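Q: Please look at this model with me, and let us ask of each label what makes it apply.

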Amino acid sequence: FVTGMAYQIFQWLSAPKTLIKTGYFPKPRTTGERWLKVAEDSFVFPEVIKFDRWMWIFTILFHFGLLGAFVGHLRLLQEFTPLVDLLGSKGMDRFALWSGGFMGVVLIVGLLYYLLRRLNFPFKEVSVPEDYVLLVLLILTVVMGNLMRFFGDIHVGEYRAYLQSLLSFQPAFPEALAASSAKWTLVFHVLFANLVFIFFPFSKLVHMIATFPANLARRR
């Protein structure tokens, strides 16, 4: 993932530059208006809603779910001590249900919509194998995550210990995970997530990083 992203950024920076203004008309009158337009293009997707309202609804749902899942997964890196002190253990359980459970369901709904859309005319005609591979990997990752969330019996601390061992290149499977009925679900969740990360720089997912600078250029 890191090597692939470094390669992509190098490609972007080394692309030929042009002196011709290629931004949208009319040009924003102030710097503040420009940044407001960039934020709108990056987070509200006004072009999508003009083209396909249903696509826009599911796109908003998917990205909202992705944001919630990302926030929830931050607990696997470090526990938010101030948040724990504020919400308490029961409050953190509700937070986990929202960020892990509800958002996982929202994600799978969005992904299934994207897959069904690809299987229908006219989008089927312009789809390539990469589109289906990417969607299947994402669906498998989210499904395994949802199975752990709704049927797993492991505390977040054990997940955190396992992830930190992977990030430090000293993989260790905590005893609680090894004894859990959800251990294979976790292993496959991590496997599919790793495949997504490897694929990320060379797939359409890279737009998550490239969208903001691209919109900034369009609104110059």
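A: We begin with a definition: helices (H or I, at least four residues) and strands (E, at least two) are DSSP runs, numbered from the N terminus. This is a predicted model, in which local features need pLDDT of at least 70, side-chain atom pairs count only at pLDDT 80 or more, and totals for chains, interfaces and linings use all residues. Residues are numbered from 1 along each chain as its sequence is written, and side-chain values use heavy atoms, with hydrogens and water left out.

Q: How many helices and strands does the protein have?
A: The protein has 11 helices and zero strands.

Q: What makes a group of residues a nonpolar patch?
A: Patch residues have over 30% relative accessible area and no salt bridge (a side-chain nitrogen of Lys or Arg within 4 Å of a carboxyl oxygen of Asp or Glu), and nonpolar side chains (Val, Leu, Ile, Met, Phe, Trp, Tyr) are joined within 5 Å, like charges within 9 Å. Here F1, V2, I9, W12, L13, F197, M208 and I209 form such a patch on the surface, with about 800 Å² of accessible area together (Shrake-Rupley method, 1.4 Å probe; for residues, only the protein chains shown count as cover). The elements giving two or more residues to this patch are α1 (2-13) and α11 (207-218), and α1 supplies the largest share, four residues.

Q: Why is V2, which lies in helix α1, called buried or exposed?
A: Buried means under 20% relative accessible area, exposed over 50%, and partly exposed in between (1.4 Å probe, protein chains only). V2 has a relative accessible area of 66%, and therefore V2 is called exposed.
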